[in-house]
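Here's a friendly walk through a protein model for someone who hasn't met it before. Have a look at the picture first, then read on.

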Amino acid sequence: MTWYALQYKPAQGDRALQHLQNQDIACFYPKIAVEKIKGGKRTKRLEPLFPGYLFVNLEQTDPMWAKLRSTRGVLRIVGFANKPAPISGDVIQHIKDSLNSVAEQGGIKPGQAVQLSEGPFEGINAIFQAYDGEARAVVLINFMQKQQRVKVPVSALKN
């Protein structure tokens, strides 16, 4: 079977996925955990890797093609010259493998070396210790021949 991209209606990716799966259509809707600072608070949420698109695995001769356009949440089938554009299974597998490696890496872990990119300690190497609230982090820096604990904005850290 071959993979094809579907465009879903704005903010209806999960709805389209659910209705496609209810019809026993193999789907792939890649999402990644994104950490954002909103209102001074650090929040984590899942967001689509390709906003507006999901992938389905069907044969050209499958009778389900007729039902795709009328599925709730689905806007259109991505294609050229009125023909669906196939996507190689290798590309989809590569995306799946990449998602797994990103999920394993996670965020900054205690003991990880970082560099400070702003403020009075800009350019200094540090060791990440812990998060302090939503927008700050505690790091260790070598200052005056001694390790000092310093609180810095999370936005100032570079891996």
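What follows goes through the cores, then one strand and the loop after it, then a sheet.

This is a predicted model, in which local features need pLDDT of at least 70 and side-chain atom pairs count only at pLDDT 80 or more, while totals for chains, interfaces and linings use all residues. Residues are numbered from 1 along each chain as its sequence is written, and side-chain values use heavy atoms, with hydrogens and water left out.

**The cores**

Let's start inside. The largest nonpolar core has 16 residues. A nonpolar core here is a set of buried Ala, Val, Leu, Ile, Met, Phe, Trp, Tyr and Cys residues joined through side-chain atoms within 4.5 Å, and buried means under 20% relative accessible area (exposed is over 50%, partly exposed is in between, with a 1.4 Å probe and protein chains only). Those with the most contacts inside this core include Leu6, Leu20 and Leu68. Two or more residues each come from β1 (2-8), α1 (13-22), β5, α2 (65-68) and β6 (74-77). Those labels are DSSP runs numbered from the N terminus: helices are H or I with at least four residues, strands are E with at least two. A second, separate core of twelve residues includes Ala137, Val150, Val152 and Val154. As a general point, nonpolar side chains tend to be buried together in soluble globular proteins.

What does Leu6 touch, not counting residues up to four places away in sequence? Among its partners are Leu20, Leu54, Val56, Leu68 and Ile77, where contact means heavy atoms within 4.5 Å.

**Strand β4 and the loop after it**

Now for three residues whose accessibility can be set side by side.

| Residue | Where | Relative accessibility |
|---|---|---|
| Leu46 | strand β4 | 56%, exposed |
| Glu47 | strand β4 (residues 41-48) | 17%, buried |
| Leu49 | loop between β4 and β5 (53-58) | 31%, partly exposed |

Leaving aside neighbours within four places in sequence, Glu47 is in contact with Pro30, Lys31, Ile32, Val34 and Lys36. With residues up to four places away not counted, Leu46 touches Lys31, Ile32 and Ala33. The C-alpha atoms of Leu46 and Phe128 are separated by 24 Å, with their positions 82 residues apart along the chain.

Leu49 also belongs to a nonpolar surface patch with Phe50 and Tyr53, and together they have about 220 Å² of accessible area. Patches are made of residues with over 30% relative accessible area and no salt bridge, joining like charges within 9 Å and nonpolar side chains (Val, Leu, Ile, Met, Phe, Trp, Tyr) within 5 Å. A salt bridge is a side-chain nitrogen of Lys or Arg within 4 Å of a carboxyl oxygen of Asp or Glu.

**The five-stranded sheet**

Five strands form an open sheet in the order β13-β12-β11-β10-β14, with antiparallel pairing. Two strands pair if DSSP finds at least two bridges between them. At the edges sit β13 (146-153) and β14 (157-158), each pairing on one side only.

Strands β10 (residues 113-116) and β11 (residues 125-132) share three antiparallel bridges, and Ala113 stands opposite Ile127 in β11. Next, β11 and β12 are antiparallel over six bridges; Ala130 has Val138 in β12 as its bridge partner. Eight bridges join β12 (residues 136-143) to β13, again antiparallel. Arg136 stands opposite Pro153 in β13, and Val139 has Val150 as its bridge partner there. The hairpin of β12 and β13 has two residues between the strands, and Met144 takes a positive phi near 55° in it.

Definitions and conventions:
Areas by Shrake-Rupley, 256 points an atom, 1.4 Å probe, with all protein chains shown as cover.
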